[in-house]
Each structure stands twice: as structure tokens, then as C-alpha cells.
Amino acid sequence: MIKYIPNQANLMVMKKTILIIAFICSLWSCSDDDNEAYIPGPMALEVEQPSNFPEIKYALEANTPTDAGFELGKKLFYEGNLSSSGIISCGFCHEQASAFTHHGHTISHGENGLEGFRNTQPIQNLAFFDEFTWDGAAIHLDLQPIIPITAEVEMNETIPSVLEKLENLPEYPQLFEKAFGTTEINSERMLKALSQFMVMMVSANSKYDKVMRQEEGEPFTSLEQTGLTLFKSKCASCHATDLFSDQSYRNNGIPYNPKHIEEKGRQRVSGYESDFYKFRVPSLRNIEMTFPYMHDGRFGTLEAVLNFYSDGMVENGGEVDEQLKKADGSLGIHLNTNEKEAIIAFLKTLTDNEFLNDKRFAEF
Amino acid sequence: MLAISILSCSSDDNEEVITGSGSITVEFDNAYLDSDLLLNTSSYNASGTEKIKISKVKYIVSNIKLEDEDGHVYVVPKNESYFIVDESNEDSQMIELSDVPAANYTKITYGLGVDQAKYLEGADGQGDFLTKAQEAGMMWSWQAGYKFFVFEGLYTSDDTTTETAFAYHMGSHGTALDNYKEISMTLANTARVRTDMTPIVHIVADLSNTLMGDTEFKLDDAPQIHVDAVKSPQIATNVSGMFMVHHVHN
């Protein structure tokens, strides 16, 4: 009845889990004898490793997801009390139907109506990444939530205050006990639970994935196939692997945005002037649903994005990426109207409706 | 006869048998040049004509190791080895380490800041250090990282005649730049940890080194330094050079 599906990438975790399960089983038989009610311990969950993905980077052995940890993480993800007003939860800006982005918002608004200067990024396949946000300001998934919780323009809270609020909400001590064995609420446990929820969010069942893995389903149309071929020759050097990101930081020649003078891209984190206006290559999964696009959400459609790459790139005060220069040294990617149409048709095959409608991740 | 031989034996070697474990306190005593550092009230000379009043001094001390006279190293368990020293909080300046093997310690090593390995452990094993760091204002809100060193106050100079705020915050820059520093010092005299003896290692930190260490900083040039690929590592070097073991109380 305790099911654990072994995962090749994760033998260590499995061994540990088996030990834990053996221990739990022995406890059970004990309480069975005593004829007492059985309180089940947390059950390990498997993080899906799609065969066409690179290997998981998140250290699962340090924080193995369990059913109870996942449920706590999900509750925290949708908990308004993580913000100072009690209203803005993680899910406020990360809506499932938009692949956990803020539907239609160029820049999201946070507490006190304040706005930041970046577009909300999707939450999906984070177990396969090791740096987070547009500029790499978090170098471990567990630490990432600190940024939105404490940023004045987002949730405007502090970790100590959040923990105090959780302690005073009747349901939380019990949920922490279920997940971690005692009712203690601390930052380590809160962040671990949020990570357990997030690492389970794997989007790998788009039409593209099924075609790649030769599973049952619709084949590519000829337009989509053409788009894939074009994508591979013109886009995939940066949007690499089946995560569609090489996880590097690049300046793509996007015109400087005078509305947000505090924006320096990766330079804000690294301090290097050469990193000015460099942003992390975003994954393109569910890209159809995550509009608007770019770090500041300036482009409303995929057509606008491709028009930018063909005709809109400029020098922006930083070092524009070499990959985006033509043979004659000018900026941009050669794309005609038909090619753009085909690439967009292909990009839409990355929409994963199973993920977008997965009840496990839904608020209600 | 046996008793005599044992007695003579130990008396020959003139050594006590050291067993068990005890505690040791590491005291961080902030100073400015030859004076005790006082927040807000005192004015101190900095570079050139600059005079500063300091309002905040906070830094993270971590990964403490003690080496005894035989070269054995005791490493404080990593998850219990992160501390915030805060000039405005006296308790924070006395770091008490318990369960330390009894020995005669001659050397101390510790880190200034948070090492990359700790970051890469994520939330695992950090307990409530993150909460403490945030309470102490030692976390940035725009990046998921710790401020290793915070030095703030007001300054004046010949060019800046009205009191102007300065703030130096130093930490690592994601994976791009590691500003964690390790400091190793020989103790002025041996720290004798015993089951019934708790020595105090008295370390003086001369904060004047921040602006006038290996690299000289003029507040008139840059009163605010937070993330700077050139200056942040220089601040890290200056600050890691500010410590000296004054003496050990046994």
C-alpha cells in the first residue's frame, strides 16, 4: 500500500526511503498489536524525470518530497498571509492557467499597489534548474521564495513575521507536524515545503514531448515540423535542450527601457558592468500561455517577439550577445514572414494542457 | 609499589591527562583604531578629512575551527556554526561553543560571511539561521543572499559639510563572485578548555580597516557600496584583515 516507484536518477533517495518505510512499517505493526489508531507517516513522492529532459539538479536527498510536505507547500503557495496585507499569495502572480505567470501583466503589482520592474516568470520544471529569476539572484530553489516574500514591491513581509503568523493560524502546526514530525514552524521547514511543492511541478506532456518520445498522439503538422527545423537552426543555440534554455545569461539587444532605470539585468547580482542588461535565457515551455514576453513584459504576442528578433534589436548600453549577430556584424536573426509563422506554430506545440489543468497544483 | 610507579610516571611527564569536553567563548570586541567603538555618539577619523559617526556594525562569523597544540582540529558542527555579531546587541558579541573537546588550543580559524557550500545546501540544516539573519537585517530583499558585513553611519569632510549617510554592505554575488573570507589566527596564549574551565578568546575587530585597510576608500567617492564587482571584494579583504586576537582568558 505504500508505493514507491524507483527512479534511476535517485537510487540514494530510494534506499533512504526504503529504510524509512521499513521503519514506518515496523511502527505500524507495533501499533496494530496495541490496537491503536494508525497515524500514517509522510509518504515519499517521486519527482518525474522525463526521458527527454536533462537530469534533475535539485538535491532531492536533502529534501525528499512527501505527500504531507507537498500538501503543506501547496497550502503555503496559496497562503495570502505570506504577504504583509494577508492578501497576496505566491499564486496571486503565479496563476496555473497561465503556466503560473501573471495573466496579461507586463509587470506585476504587489503590496500597496507598488510595481516592480520585471515580468512574472513561470513555475515549471524548476527541479531541472540551479539558478532562478531573471538575473540569477537565487542560487538554490529553497532560497528563491525569500525574494518575493521580502521584496517591498511584491509581498513586503519578513520571514520572522510570516512564521509568527503561521504559528497563530490553527491549521499550520498540525500540517508542519504531519510533514516534518513536530509542530515546530521554522524557516527551514517552510522553505522545504515550498520546494517540495515546486519540484513536483513538471511540465513534460506537450504535443512536442509526445512526438519526441514517440508516444501515442497527433504527429506534427508540416508547418509545425518546418517550425521545429527552423527553430533548431535559428533559436536552439540559446533555447537549448528540451528545457528550451541553456540556463545562461545573455544580452539579446532589447531596446533600453527608460521606464525602469533601476533595471541592470544580471549586473545587479554580479556587480560586473559587462553583465548589464543580460537576462537568463527563459524556457519556452507553455510559451503560448505566458504572454506578455521579455523581462519587462513589453511584447504582447509571439509575433511581436519574432519581429523584434528579425528587425528590432539594437545596442542597449551592454554587450549584445555574439550569437545574435549576423555574418556582417549587424544585429538580428534572419526570419521572413513564413518562417515566423512556422516557428510560432511549433512553439504552440510546447503547450502542456495536462500540466495547466493538473488538479494537484490547483488552488481550488 | 604500583601506586608509586604511576605517581612517579605522571610526575616525570609533568602532564595532566586531558579528557572530556567543555566550552569556549569567542568574544568579538569592536574597536576603531585605539578606541572602543561606540555607536552614533563618537566621531572617528577616516580617510583624508573625512569624519564618521557609525550607526551600524554587523557581520556574519561562521565555520569556526580550533586547533590544539598537537595539531588536532576541532570543527564546530557546520549547522551550528553561523553567528551574527551586532555592535548594538551585546549578547551577540559573545559566541559560546559547547561540547568542545578538552585540549590546549593554540589557533582559531573562522569565516567572514556565508560560504558557497552553505548556499548550495538550500534550506537543509539551516534551522532558523535565516530567520535570525532577517531579524538582524542581514539579508537582501532583491536577492536570496546574506549580507556578510554591514557598516553604516554619517560622515562629513571638507567637501561634504552636511552630515551625509554612508552604507557599505558586502556579500557574495550569486555564483558570479564569492566574497566569503577565511581568517586564521594564532592565539596570544593557549586556550585551556576543560570540563570545568571555559576560556574566553578575546578578539578585537578594528573597524577602521573597512575604509583604511589594504584598499583605501573615500566616502566622498562612493558613500554607498552594495554590489560592485571591483569594490566588494576589496571591502571583503579590508574587513577580513580587521581582526586580531588580543588575549585569552583562562
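Let me start with two helices in chain A. Helix α2, residues 67-77, packs against helix α6, residues 171-180, at an angle of about 145°, and their axes are 7 Å apart. This is a predicted model, so please take every value as computed from it. I quote the two numbers together since packed helices are described by the angle between their axes and the distance between the axes. The crossing of α2(A) past α6(A) is left-handed.

Which residues make that contact? From α2(A) there are Ala68(A), Gly69(A), Leu72(A) and Lys75(A). From α6(A) there are Leu175(A), Phe176(A), Lys178(A) and Ala179(A). Sorted by class, the contact of α2(A) with α6(A) has 5 nonpolar residues, 1 polar and 2 charged.

Next, the domains of chain A. The assignment gives domain 1 as 60-202 and domain 2 as 207-354. Their centres, taken over C-alpha atoms, are separated by 27 Å. Where the two domains of chain A touch, domain 1 puts in 20 residues and domain 2 puts in 24 residues. On the domain 1 side of that contact, the classes are 8 nonpolar, 9 polar and 3 charged residues.

Now the contact between the chains. How many residues does each chain bring? Chain A brings 32 residues and chain B brings 27 residues. On the side of chain A that touches chain B, four helices supply at least two residues each: α4 (146-150), α5 (159-167), α7 (187-199) and α10 (267-270). Of the elements on that side, α7(A) gives the most, with 4 residues. By class, the side of chain A that touches chain B is made up of 16 nonpolar, 10 polar and 6 charged residues. I have given residue counts here; the size of an interface is often given instead as the accessible area lost when the parts come together.

Last, chain B itself. Its secondary structure comes to 5 helices and 14 strands. The C-alpha trace of chain B spans about 85 × 40 × 30 Å along its principal axes. What share of chain B counts as buried? Of its 250 residues, 39% do. As for contacts in chain B between residues at least 6 apart in sequence, 79% of them join residues at least 24 apart.

To go back over the main points: α2(A) and α6(A) cross left-handed, chain A is assigned two domains, 60-202 and 207-354, and the contact between the chains takes 32 residues from chain A and 27 from chain B.

How values were computed. Residues are numbered from 1 along each chain as its sequence is written. Chains are lettered from A and ligands numbered from 1 in the order in which they are written. This is a predicted model: local features need pLDDT of at least 70, side-chain atom pairs count only at pLDDT 80 or more; totals for chains, interfaces and linings use all residues. Two residues are in contact if their C-beta atoms, placed from the backbone, lie within 7 Å. Ala, Val, Leu, Ile, Met, Phe, Trp, Tyr, Cys and Pro count as nonpolar, Asp, Glu, Lys and Arg as charged, and the others, Gly among them, as polar. Domain bounds come from an automatic or database domain assignment. A residue is buried if 20 or more other C-beta atoms lie within 10 Å of its own, exposed if 12 or fewer, and partly exposed in between; C-beta atoms are placed from the backbone. Axes are lines fitted to C-alpha atoms, for helices over the stretch in contact, and angles run from 0 to 180 degrees between N-to-C directions. A crossing is left-handed if the near helix is turned anticlockwise from the far one by less than a right angle, and right-handed if clockwise.
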